[in-house]
Amino acid sequence: MPKKTEQKDTQSIQPEQVQQVRISDIHPFKNHPFKVVDDALMQETVDSIMQFGVLNPTIIRPDPGGGYEMVAGHRRLHASGLAGKDTIPAIVRNLTDDEAVILLVAVSYTHLRAHETRHDL
């Protein structure tokens with residue numbers, strides 16, 4: 001007899017929504033392995049945010065101690081602050097420590113690969 005597959009109730013699944021979150025409510029991911037550097041590429045990001053805003057939302061997670069912890073988007077957060085913004089578009093996602101680390105590494109790897117391609121490395 002064929003195995004019965006379980007179907008999810010798609011009406012109960014809530015899509016993630018982008019929200020504007022105060023920059024002052026977001027703190028860096030603990031033990032974030034990468035540095036955010038104020039270099040020419042950061043200045044390009046600041047200039048872009050001043051002209052167009054943040055085009056891709058960051059991913060943050062609620063911090064039990066209050067506020068939010070940045071998971072993906074440390075450079076956008078820093079650049080937004082330098083650009084004088086008070087808020088940043090963010091997706092709030094409930095993540096375990098392990099899930100947050102996996103997402104952080106995956107997003108950082110994608111960013112680094114895009115950077116290498118951009119500079120023909």
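In the predicted model, the interface between helices α1 and α2 is formed by L41, M42, T45, V46 and I49 on the α1 side, which meet R75, R76, H78, A79, S80 and L82 on the α2 side. Classified by residue type, this contact of α1 with α2 comprises six nonpolar, three polar and two charged residues.

The geometry of the pair was evaluated from the helix axes. Helix α1 spans residues 40-52 and helix α2 spans residues 74-82; their axes lie 9 Å apart and enclose an angle of about 65 degrees. Because angles of 65 to 115 degrees count as roughly perpendicular, α1 is described as roughly perpendicular to α2. The crossing in which α1 passes α2 is right-handed.

With regard to the overall architecture, the protein chain contains three helices and five strands. Read from the N terminus, these elements follow the order β-β-α-β-β-α-β-α.

Contacts and solvent exposure were then considered for the chain as a whole. Among the contacts in the protein chain with a separation of 6 or more, 81% are made by residues 24 or more positions apart. Of the 121 residues in the protein chain, 28% are buried, where burial denotes under 20% relative accessible area. The accessible surface of the protein chain amounts to about 8,900 Å², and carbon and sulfur atoms contribute 53% of this surface.

Technical notes: Residues numbered from 1 in each chain as written. Predicted model: local features only at pLDDT ≥ 70, side-chain atom pairs only at ≥ 80, totals over all residues. Heavy atoms only, no water. Axes fitted to C-alpha atoms, helices over the stretch in contact; angles between N-to-C directions. Helix = DSSP H or I, 4+ residues; strand = E, 2+ residues; numbered from the N terminus. Parallel < 35°, antiparallel > 145°, perpendicular 65-115°, else oblique. Left-handed = near helix turned anticlockwise from the far one by under 90°. Contact = heavy atoms within 4.5 Å. Nonpolar A, V, L, I, M, F, W, Y, C, P; charged D, E, K, R; others polar. Buried < 20%, exposed > 50% of the residue type's maximum accessible area, 1.4 Å probe, protein only. Areas by Shrake-Rupley, 256 points an atom, 1.4 Å probe, with all protein chains shown as cover.
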